[in-house]
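Here is a short walk through one structure. Keep the sequence and the 3D view open as you read.

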Amino acid sequence: MVSACVLVAAGALQLPVWLSLVAVTLAATAGDQVAYLLGRRLGPGLQQVRGSRFISPERLDGARRLFDRHGAKAVVLSRFMPPARTLTPVLAGVAGMDRRRFLVHNLAGATLWAVVMFGGGSWLGVIPAVSGNLGLILLAVLVISAIPALVSLLSPRSRRWPQSEPCVSRSGSWG
């Protein structure tokens with residue numbers, strides 16, 4: 001997101017800033033609306049789940065109470081926290097947050113987030129060292145972003161698979 005803003009601010013993308021801002025705001029709002037609707041659709045089925053460590057009637061009731069009291073703040077502020085950005089709209093839907101209330105705060109959060117990201121990108125885009133080396137900066141961001149995944153893949157713990165029974169018994173027949 002910030003990279004796109006830097007490209008707009010540096011003039012590499014021939015788009016008006018206001019149009020880019022509106023498009024990003026609408027796209028962010030639409031994405032969270034889809035996630036919210038998915039949560040609304042999945043919510044009733046989750047109430048039937050029994051024996052799950054993560055989903056229980058008590059936890060669903062807690063989520064409802066949380067979204068009743070703090071749903072508006074959660075929807076707006078979660079935009080700025082990557083893991084929460086993904087989960088909050090789904091949880092709002094599962095918890096049954098009012099649709100209109102979610103939409104209003106979703107739009108407010110998306111607008112605020114887009115303005116902050118565009119402000120940061122615009123500020124970076126006018127710095128010659130940034131706009132002149134954008135390709136290297138993007139490559140560095142990609143490499144740095146891939147490091148946790150590579151560490152996880154190369155970790156000895158990721159190579160441990162649960163031991164299962166072999167498909168062939170010791171006698172040589174299929175078991």
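At what angle do helix α3 and α4 pack, and how far apart are their axes? The model is a predicted one. In it, α3, made of residues 57-77, packs against α4 at an angle of about 125°. Their axes lie 9 Å apart. Angles of 65 to 115 degrees count as roughly perpendicular and those over 145 as roughly antiparallel, with the rest above 35 being oblique. The two helices α3 and α4 are therefore oblique to each other. The crossing of α3 past α4 is left-handed. On the α3 side, L60, R64, F67, A74 and V75 make the contact. On the α4 side, T88, L91, A92 and V94 do so.

Now follow α4 itself. Helix α4 covers residues 82-94. At T88 the helix bends by about 30°. A proline, P89, follows within four residues. Several residues of α4 are buried: T88, P89, A92, G93 and V94. After α4 comes G96, which has a positive phi, near 80°.

Stay with T88 for a moment. Is T88 buried or exposed? Its relative accessibility is 10%. Buried means under 20%, so T88 counts as buried. The T88 side chain reaches back to the backbone oxygen of A84, at 2.8 Å. Beyond its neighbours within four places in sequence, T88 is in contact with F67, A74, V75 and S78. Among these, F67, A74 and V75 also belong to the α3 side of the helix contact.

Next, look at another residue that touches P89. D32 sits in helix α2, residues 17-46. Which residues does D32 touch, not counting those up to four places away in sequence? They are R79, R85, P89, F102 and N106. P89 is the proline that follows the bend in α4. D32 has 10% relative accessibility, so it counts as buried.

A second helix pair completes the tour. Helix α1 spans residues 2-10, and helix α5 spans residues 99-125. Their axes come within 7 Å and cross at roughly 50°. That angle makes α1 and α5 oblique to each other, because it falls outside the roughly parallel and roughly perpendicular ranges. The crossing of α1 and α5 is right-handed. From α1, the contact uses V2, C5, V6, A9 and A10. From α5, it uses M117, F118, G121, S122, L124 and G125.

How values were computed:
Residues are numbered from 1 along each chain as its sequence is written. This is a predicted model: local features need pLDDT of at least 70, side-chain atom pairs count only at pLDDT 80 or more; totals for chains, interfaces and linings use all residues. Side-chain values use heavy atoms; hydrogens and water are left out. The bend at a residue is the angle between axes fitted to the seven residues ending there and the seven starting there. Buried means under 20% relative accessible area, exposed over 50%, partly exposed in between (1.4 Å probe, protein chains only). A polar contact is a pair of N or O atoms within 3.5 Å; within protein, one must be able to donate a hydrogen and the other to accept it, and residues adjacent in sequence count only if both atoms are side-chain atoms. Contact means heavy atoms within 4.5 Å. Axes are lines fitted to C-alpha atoms, for helices over the stretch in contact, and angles run from 0 to 180 degrees between N-to-C directions. A crossing is left-handed if the near helix is turned anticlockwise from the far one by less than a right angle, and right-handed if clockwise.
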